[in-house]
Amino acid sequence: MSKQTYRVCFCFRRRFKLTVAEPPSEIKALFNDYSEEGVMSPDQLQKFLIEVQGEDEASMEDVQGIMDSLHDFKHQPIFQLRKGLNLEAFFRYLFHDLNSPFSPHNTVHHDMNAPLSHYFIYTGHNSYLTGNQLSSICSDVPVINSLQCGVRVIELDMWPNSTKDDIDVLHGRTLTTPVKLSKCLISIKKYAFVASEYPVIITLEDHLTPDLQAKVAEMAAQTFGELLFSPESECLAEFPSPESLKRRIIISTKPPKEYLETKIKDKNEGSQKETASITKKDNGSQKATKSAKKKDNGSQKAKYPSEDKTWGKEISDLKDELEPFDKDEPEEGEGINEEDMEDGDHKLQQSAAPEYKRLIAIQAGKQKGGIKEWIRVDPDKVRRLSLSEQELEKAIITHGQDIIRFTQRNLLRVFPKVMRVDSSNYNPLIGWMHGAQMVAFNMQGYGRSLWLMQGMFRANGGCGYVKKPDLLQKVGPHDKIFDPKANLPVKTTLKVKVYMGEGWHLDFHHTHFDIYSPPDFYTRVGIAGVPADSVMKKTKAVEDDWTPTWNEEFEFPLTVPELALLRIEVHEYDMSEKDDFGGQTCLPVSELRTGIRAVPLHNQKGEKYNSVKLLMRFEFV
């Protein structure tokens, strides 16, 4: 058995044995129950898959696939594998990728023939930004990265270039450096359907004159060609389905007559003051960001100055203390967006480019008036509405069920408040539990909120469209609509057992977590969902062990399992500093396979580690 040496001081070193992962006692007992004389035969393995793993349709072909996957397992000769699995081979199978929490054939399995409004859609915010909202570089690279991860809604902010004869994409009235719209469109066409065949929606924030709008229309038509979806009528009575829009690109923005020159000019002064007030704050954050980047490039450990930088703030629930939303305009700093502007001047209406107007497949915008008018359902046409996170949080206090009713036919996009200059995010469940399809996120950020977003869209084969639960689409007796804060009965209880973890010693340097000894890992497990279901629990810390065994079980009563996400985080306990990051994942409860499963962990960005996994058991009772 190999040993690791840690230098404590110049003349003193500590040596630790690198322990080999061994099956927990419960795994050994199960193996004994389903084997004879130390060998689990193919028939016994099939019985184990059916009775313990809940794989009722497990066939001998599936069993043979498992056997074949273990042929290179060095602790058991091939001639023995023909007879069955010994304990070590069985243990290796439990940690194998074939034994993931999702089906190994994780493909699209939701009904994809309902209107777009029936789906949660993987949505990006300011998709062109590489970093913070005030001074980072604009590029097509984050657009490409988002599409490769399965994001289906890309946001581009269009502005005239310095010579007023072409279109730039940038975050307006900030220090961000622009990228050409043409470059972004070409990259979208190239990467749109790499991760998913289902439609890509481009939401445009338009700050253009009519001649440049016409140029956008020409550019989009030339770039996308037949990929571009153009509805037969100007206003849709119902949205098409994702299935009918496979491999199509959809443009969504406000009709051009509603982008008003004088209104934008009137808003400039207030927006400039707002930008100035947060630029000072950002100067400090830029220095911190540069410092963190420099440290990250030079160190595999990449520690951050605070826990929030590494983990993101703990997920918040619905804010019961918020005052009711009773005004028409957002407060200063709530996320002023050109889509929020009301009609007030008609100077551009008569000269709006008709070809640009025909380009818009999903019309966006707010009705005149306040929240009641914004979410009024029109029986003859559907549209998209955008609200900032703060607007939504206030609106749901007094209009929560009306918002859900609105989203049964229409699209609701929620975007981060303007004060999130660091490209952080908010709790996406506040939007999802009220039916919002497009919960727009800064994909270049880090932290727990983004992990929830990534977890939600691991569902349905990772195609970027997740069918909303029926409870969000139904209208009950007396016109009753789902209420996320209602005191509902428990539908099911999820039992989670955390057996052990392994792989850190393969993916990290031996001094990554602690320069004086092996790591002291513990696991946090919990639920993100409706307020009644949301909770976090944790195991004890196992000291000085790269392959910790916890053998701890937790129960999570669920009132709305359809909206529940299982949160898993591994921390390394540090007595003198903030606990270190050891990995995370987030799994949609509705997609979990029961039984003993190997759960791969991911880094802060959501990228899967090569080797780090937890062995866990899931049961519904």
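In this report a residue is called buried when its relative accessible area is under 20%, exposed when it is over 50% and partly exposed in between, with a 1.4 Å probe and protein chains only. Helices (H or I, at least four residues) and strands (E, at least two) are DSSP runs, numbered from the N terminus.

The structure is a predicted model, in which local features need pLDDT of at least 70 and side-chain atom pairs count only at pLDDT 80 or more, while totals for chains, interfaces and linings use all residues. Residues are numbered from 1 along each chain as its sequence is written, and side-chain values use heavy atoms, with hydrogens and water left out.

**Confidence**

The pLDDT, which is the predictor's confidence in each residue from 0 to 100, averages 86 for the protein chain, and 82% of the residues score at least 70. Over residues 319–335 the pLDDT stays under 50, and the model has 44 contacts for them beyond four places in sequence, a contact meaning heavy atoms within 4.5 Å. Residues 341–350 also have a pLDDT below 50, with 24 contacts in the model beyond near neighbours in sequence. Where pLDDT is low, the predicted coordinates should not be read in detail.

**Strand S19 and its partners**

Strand S19 (residues 565–572) is largely enclosed by the rest of the structure, because eight of its eight residues are buried. Leu565, Arg567, Glu569 and His571 point one way from S19, whereas Leu566, Ile568, Val570 and Glu572 point the other way, and all are buried. Two strands are taken to pair if DSSP finds at least two bridges between them. Strand S16 (residues 521–528) pairs with S19 in the antiparallel sense over eight bridges, and Gly526 has Arg567 of S19 as its bridge partner. S19 also pairs with strand S20 (residues 580–588), in the antiparallel sense and over eight bridges; here the bridge partner of Leu565 is Pro588 in S20.

**Helices H2, H3 and H5**

H2 and H3 pack at an angle of about 110°, with their axes 9 Å apart, where axes are lines fitted to C-alpha atoms, for helices over the stretch in contact, and angles run from 0 to 180 degrees between N-to-C directions. The two helices, H2 and H3, are therefore roughly perpendicular to each other, since angles of 65 to 115 degrees count as such, those under 35 as roughly parallel, those over 145 as roughly antiparallel and the rest as oblique. Pro42, Asp43, Leu45, Gln46 and Leu49 of H2 make the contact with Met60, Val63, Ile66 and Met67 of H3.

In helix H5 (residues 87–94), the residues Ala89, Phe90, Phe91, Tyr93 and Leu94 are buried. The buried residues of H5 pack against several elements, among them helix H1 (25–33), helix H2 (42–51) and helix H3 (60–69).

**Residues in loops**

The following table sets out three loop residues.

| Residue | Loop between | Relative accessibility |
|---|---|---|
| Ser423 | strand S12 (411–415) and helix H14 (429–432) | 2%, buried |
| Arg173 | strand S6 (167–169) and strand S7 (179–180) | 26%, partly exposed |
| His478 | strand S14 (465–467) and S15 | 83%, exposed |

The side chain of Ser423 reaches the backbone oxygen of Gly131 at 2.6 Å. Leaving aside neighbours within four places in sequence, Ser423 is in contact with Gly131, Asn132, Gln133, Asn442, Gln444 and Gly445. Arg173, although not a glycine, has a positive phi of about 60°, and His478, also a residue other than glycine, has a positive phi near 60°.

Notes: A polar contact is a pair of N or O atoms within 3.5 Å; within protein, one must be able to donate a hydrogen and the other to accept it, and residues adjacent in sequence count only if both atoms are side-chain atoms.
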